[in-house]
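Got your viewer ready? Let's take a walk through this structure together, one selection at a time.

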Amino acid sequence: MSFTGPSMGSVAGTARRAFEFGQTYVVKPKGKHQATIVWLHGLGDNGSSWSNLLETLPLPNIKWICPTAPQRPITLFGGFPSTAWFDVNDLSENAIDDEEGLDASAAYVASLLATEPPHIKLGVGGFSMGAATSLYSATCVVLGKYGNGNSYPVNLSAAVGLSGWLPCAKFDFKQSCLIFSKTFGMFCVDGYNSGRTLTSKLEGVEGAASRAASLPILLCHGKGDDVVPYKFGDKSSQKLRSCGFQDVAFKSYTALGHYTIPQEMDEVCAWLTSKLGLEGK
């Protein structure tokens, strides 16, 4: 299935991008179906590896949908293609967010959830950039729309992010324009590429405060992560709370690097069981 991102022609003169998503893997619930969660892999991975792990978890009431991201050139890799939910130009706090790619991936996630029965609780989760995409989806739910202004069509009951970060949240507009102009040799246009902070985006949006307060979010991060630094996860949790997300849990692991461990997955299971009210059979 392909999704097309919004046009960037007014700023960069570039064509609209189409994204071809890869194979989707589904883990059917072993018990009563109460929830469906789309789980997103990290950079360079695919849905199969996580579906194999999720199938082993003691969560019989959850249906897991594990899609595979499109193959796309990655700026961080000098344009070398990789499976990715969005482009990455840098792993730093000054990185420019690929909101077009994030919107396309968030829309694809929503399309996978939109066909679920109305009584089923819906959630998103992921690892690394998959976590970033899941958290971006959570902000779209609260705002009621994607970054391009199109309406977000589903309601989420939970969001999980492992070893990831919150994109499009703390952009300083003047700094972003400076980076953009240095990188691409052109000027910024007001409002381009998430110039507004998440806080300012939420202000004045009807119902946003109540939606943010009621959406449970779990973030987990290892202090030994040498790919996505621990501070990214810590600051993301702080940012979410400061923006009105009142049900945010942040779990840290002293020796954990950029991978997952049984202790972390045990906490994910316990958290999902509690927040989604799963029966366990």
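What share of the 281 residues of the chain count as buried? The answer is 52%. Keep in mind as you click around that this is a predicted model.

**Stop 1: the whole chain**

Switch to a cartoon view. You should find nine helices and 11 strands in the chain. Now think about who touches whom: among contacts with a separation of 6 or more, 73% are between residues 24 or more positions apart.

**Stop 2: aromatic rings**

Searching the whole structure turns up eight aromatic pairs. Select Trp-50 and Phe-127: their ring centres sit 5.8 Å apart and their planes make an angle of 40 degrees, so this pair is tilted. Tilted here means an angle that is neither under 30 degrees (stacked) nor over 60 (edge-to-face). The two partners come from distant parts of the chain, with Trp-50 in helix α2 (residues 47-54) and Phe-127 in strand β8 (residues 121-127), 77 residues apart. Buried or exposed, what are Trp-50 and Phe-127? Both are buried.

Next, pick Tyr-230 and Phe-250. With centres 5.7 Å apart and planes at 50 degrees, this pair is tilted. Tyr-230 belongs to helix α8 (residues 230-242) and Phe-250 to strand β11 (residues 248-253), so the pair ties together parts 20 residues apart in sequence.

Before moving on, add Trp-39 and Trp-64 to Trp-50 and Phe-127: these four form one aromatic cluster.

**Stop 3: a hole inside**

Keep Trp-64 selected, as it also helps line the largest cavity. The search finds one cavity of 30 Å³ or more, and the largest cavity has a volume of about 50 Å³. Other residues to show around it include Val-27, Lys-28, Lys-30, Glu-55 and Leu-59. Colour the lining by type and you get eight nonpolar residues, no polar ones and three charged ones.

**Stop 4: the nonpolar cores**

Which residues touch the most other members of the largest nonpolar core? Select Phe-86, Tyr-152, Leu-156, Leu-202, Ile-217 and Phe-245; the core has 54 residues in total. Among the elements that give two or more residues to this core are β4 (35-40), α3 (99-113), α4 (129-143) and β10 (217-222).

Zoom in on Leu-202. Setting aside its neighbours within four places in sequence, Leu-202 is in contact with Val-142, Leu-143, Ala-208, Cys-243 and Phe-245. Another core, of 27 residues, lies apart from the largest one, and its members include Val-27, Leu-59, Ala-158 and Cys-220.

**Stop 5: three loop residues**

Click on Ser-128, in the loop between β8 and α4. Its phi is near 60 degrees, a positive value in a residue other than glycine. Ser-128 counts as buried because its relative accessibility is 7%, and the cut-off for buried is under 20%.

Now go to Ser-163, in the loop between β9 (158-162) and α5 (173-184). Ser-163 is not a glycine, but has a positive phi of about 55 degrees. Its relative accessible area is 0%, so Ser-163 is buried.

Ser-163 leads to the last pick, Gly-257. Apart from neighbours within four places in sequence, Gly-257 is in contact with Ser-163, Gly-224 and Asp-225. Gly-257 sits in the loop between β11 and α9 (262-276) and counts as buried, at 8% relative accessibility. To finish, draw a distance from the C-alpha of Gly-257 to that of Gly-222: the two are 35 residues apart in sequence and 5.4 Å apart in space.

Notes
Residues are numbered from 1 along each chain as its sequence is written. This is a predicted model: local features need pLDDT of at least 70, side-chain atom pairs count only at pLDDT 80 or more; totals for chains, interfaces and linings use all residues. Side-chain values use heavy atoms; hydrogens and water are left out. Rings of Phe, Tyr and Trp (its six-membered ring) pair if their centres lie within 6.5 Å; planes under 30 degrees apart count as stacked, over 60 as edge-to-face and the rest as tilted. Helices (H or I, at least four residues) and strands (E, at least two) are DSSP runs, numbered from the N terminus. Buried means under 20% relative accessible area, exposed over 50%, partly exposed in between (1.4 Å probe, protein chains only). On a 1 Å grid over the protein atoms alone, a cavity is a set of points where a 1.4 Å probe fits but cannot get out, and a pocket is an open set with protein on both sides within 12 Å along at least five of seven lines; lining residues have an atom within 4 Å of a point. Grid points are joined across faces, edges and corners, and a volume is the space filled by probe spheres set on the points. Ala, Val, Leu, Ile, Met, Phe, Trp, Tyr, Cys and Pro count as nonpolar, Asp, Glu, Lys and Arg as charged, and the others, Gly among them, as polar. A nonpolar core is a set of buried Ala, Val, Leu, Ile, Met, Phe, Trp, Tyr and Cys residues joined through side-chain atoms within 4.5 Å. Contact means heavy atoms within 4.5 Å.
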